[in-house]
Amino acid sequence: MAENVIAGDLVGIEWSVDEVEGNFAVIKGCKTVGIPEENPEYRDRTSLDSPGRTREYGVGLTEVSELTLSCFYSAELYEQALAFKASGVPVFFRVKLPMIGDQATNGDVFAYKAFVNPSIPAVDQDGDLMTDLKLRPTGLINWTKGA
């Protein structure tokens, strides 16, 4: 199993204003890999005729968690993130995993859309200045199995 472990530094994370293949660009200086978590809501559907005085639940909407991508600061990155924020529309993100096991063409790919809000977190005198890309995903998280 150890041969199928994927090191974080082998993963690519890209963004684009649309889903067109040639428009995706690597987020330069990104230190974190971010794939949002999906958290389904379970609605209480208990009624007076629920069996054995036991609560019953049904699946409701799914919440997609917020996440933060931590990147080394550059004016170019911050400017692009501010432009995405100002546009008021979600940005397309793509997380590309390297090939593992019997995959011969490409690795798995996760894709999602998110609103971007850049910020500069506090840094100590001996730390590196960073840009946090705070993401609020919207819609589905898509997964394509590598081939």
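**Y112, the nonpolar core and strand β1**

Beyond its neighbours within four places in sequence, Y112 is in contact (heavy atoms within 4.5 Å) with I13, G34, I35, P36, L67, V91, F92, F93, V95, L135, L140 and I141. The structure is a predicted model, in which local features need pLDDT of at least 70 and side-chain atom pairs count only at pLDDT 80 or more, while totals for chains, interfaces and linings use all residues. Residues are numbered from 1 along each chain as its sequence is written, and side-chain values use heavy atoms, with hydrogens and water left out.

Y112 also belongs to the largest nonpolar core, a set of buried Ala, Val, Leu, Ile, Met, Phe, Trp, Tyr and Cys residues joined through side-chain atoms within 4.5 Å. Buried here means under 20% relative accessible area, exposed over 50%, and partly exposed in between (1.4 Å probe, protein chains only). Among the 22 residues of this core, W15, I27, F93, Y112, L133 and L135 touch the most other members. Two or more residues each come from β1 (12–16), β5 (67–72), α1 (75–87), β6 (91–96), β7 (109–119) and β8 (130–144); helices (H or I, at least four residues) and strands (E, at least two) are DSSP runs, numbered from the N terminus. The most, 4 residues, come from β7.

Turning to β1, 4 of its 5 residues are buried. This strand runs antiparallel to β6, joined by 5 bridges (pairing requires at least two DSSP bridges), and E14 has R94 in β6 as its bridge partner. β1 also pairs with β2 (residues 25–26) in the antiparallel sense over 2 bridges, where W15 stands opposite A25.
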